[in-house]
Amino acid sequence: MRNEPIVRVEGLKKHFPIKSGVMRKTVGYVRAVDGLDFEIKEGRTLGLVGESGCGKSTTGRTIIKLLEATAGKIYFEGQDITSLSKKEMRKLRTKIQIIFQDPYSSLNPRMTVGEIVGEALKEHGIASGKELEKKVIETIEKCGLSSYHISRYPHEFSGGQRQRIGIARALALDPKFVVCDEAVSALDVSIQAQVINLLKELQKEMGLTYLFISHDLSVVNYISDEVGVMYLGNIVELAEKNELFNNPKHPYTQALLEAIPSSNPRERKEVVPLEGEIPSPSNPPSGCKFRTRCPKVMDICSEQAPEFKDIGNEHFVACHLMDM
C-alpha cells in the first residue's frame, strides 16, 4: 500500500440555486460546500464532523459525483474526475462506493438480499449465474450475515443487519474508496459499535480508504486517522486525530469537544453552549462565518475571511487567532 493520497480536492464548491417566482428565476444560492482543500491517503480514514447542515453529506456525494461540483477539482488516484461524464464515471464506480445513512430507505424492499448485493456485479458484467451467487455469499458472510439470508427481503432484518446489507452492497465490487455517510447514526449504540468494528476489520482486510461522515465526535475519534471539522460549508480545522482532540485550536472545535459527555459519572463538566443560531448557507456572514457565534470574536473577523493554513505538524486551522 502506497499510503499516498487516493483522493484530493482543491477549492471544491457545491452551490444549489434558489428559485423564485412564476418564471422560476434564480434569486440566490445555498452555499452547501464553499471551498474545500484536503486529501485522503490510501488505506486511511478521514473523519468529517460538524453540526447538521454544515455540508458534510453534500461534500461526500460531490466527491464521488452523485452531485456535480459547482467549482473546484476532484482527483482520484491522480486522475482529475471533475468533468467526467456519467458514462466515463461508470468505469470508476467499481472503485468508488457509498454507504448511506438510512438502512431502511436505502434498500429496495422488492428485492432480495442476493439481488441487492449482486445488482452492481451484474450491471458491470463482473459475474453471473453460479459465480454471481458465490460472490454474493462471500461478500455477505464477510459482512457478518449468513448464506441463507440471500433469499430474504429487507423487512425481515433488524436495522443493524440492514446496514450490513448496505455495506455488503458497497463492497461487492471490491472498491478502493468508500464514503460512509452517517453510516451508524441511525443505529442503537450497541449496534453502532459492532458496525464500526466491522468497518475497521474490512478496511484492514481489503485495504479500503474511508471518508467517514458523522456528527458524533466519539465515533469519529474511534475510527478515524485524520479529522476535519466543518462549519457552514468550510473546513475550519484539520489534523491528525490525536493532535486535533488533544490540541484543538479553532473555537468551534473547542466547543464541540467540550460538549462530548464524560464517561466518568463523577466528573462534572461545565459546558458553555454556543450562542446563537447557525447562519443560513444562502446568506452567510461576511469574513469568518463563525464570528456570529464565536466567544473570541475580533474586529478583523467581520472584515476578512481567515486563511486555512498549516500551523505546524500538518495541523490546518482557519482562524485569525492563529495570527496573534
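This report looks at one helix and two pockets in a predicted model.

## Helix α6 and its length

Let's start with α6, a helix of 18 residues that runs over residues 189–206. How far apart should its end C-alpha atoms be? At 1.5 Å a residue, the helix should span 26 Å, and the end C-alpha atoms are indeed 26 Å apart, so the expected span and the model agree.

Just after α6 comes Gly-207. The phi angle of Gly-207 is positive, near 70 degrees.

## Two sides of α6

Which residues of α6 are buried? They are Gln-192, Val-195, Ile-196, Leu-198, Leu-199, Leu-202 and Gln-203. Look down the axis of α6 and you'll find its buried residues within an arc of 155 degrees, so they line one face of the helix.

Now turn to the other side of α6, where Glu-201, Lys-204 and Glu-205 are exposed.

What covers the buried residues? The cover includes three strands, namely β3 (45–49), β6 (96–99) and β8 (209–213). It also includes the helices α4 (129–142), α5 (159–171) and α7 (217–223). Keep β6 and α5 in mind, as both turn up again in the lining of the second largest pocket.

## The largest pocket

On to the pockets. The largest pocket holds about 440 Å³ of space, and 17 residues line it. Nearest its centre are Glu-39, Glu-226, Leu-238, Glu-314 and Phe-316.

Which elements give two or more residues to this lining? They are β1 (5–20), β2 (25–41) and β10 (234–240). The largest share comes from β2, with five residues. Sorted by class, the lining of the largest pocket has eight nonpolar, eight charged and one polar residue.

## The second largest pocket

The second largest pocket has a volume of about 370 Å³. It is lined by 15 residues, and the ones nearest its centre are Gln-97, Ile-98, Ala-120, Arg-169 and Leu-173.

Here the elements that give two or more residues to the lining are β6, α3 (113–123) and α5. With four residues, α3 provides the largest share. How does this lining break down by class? You get nine nonpolar, two polar and four charged residues.

## Putting it together

So what's worth looking for in the structure above? Find α6 and its buried face, then trace the strand β6 and the helix α5, which help to cover the buried residues of α6 and also give residues to the lining of the second largest pocket. For the largest pocket, β2 is a good place to begin, as it gives the largest share of the lining.

Definitions and conventions: Residues numbered from 1 in each chain as written. Predicted model: local features only at pLDDT ≥ 70, side-chain atom pairs only at ≥ 80, totals over all residues. Heavy atoms only, no water. Expected span 1.5 Å × (residues − 1). Buried < 20%, exposed > 50% of the residue type's maximum accessible area, 1.4 Å probe, protein only. Arc of directions from axis to C-beta. Contact = heavy atoms within 4.5 Å. 1 Å grid on protein atoms, 1.4 Å probe; cavity = no way out; pocket = protein on both sides within 12 Å on 5 of 7 lines; lining within 4 Å. Points joined across faces, edges and corners; volume = space filled by probe spheres on them. Nonpolar A, V, L, I, M, F, W, Y, C, P; charged D, E, K, R; others polar.
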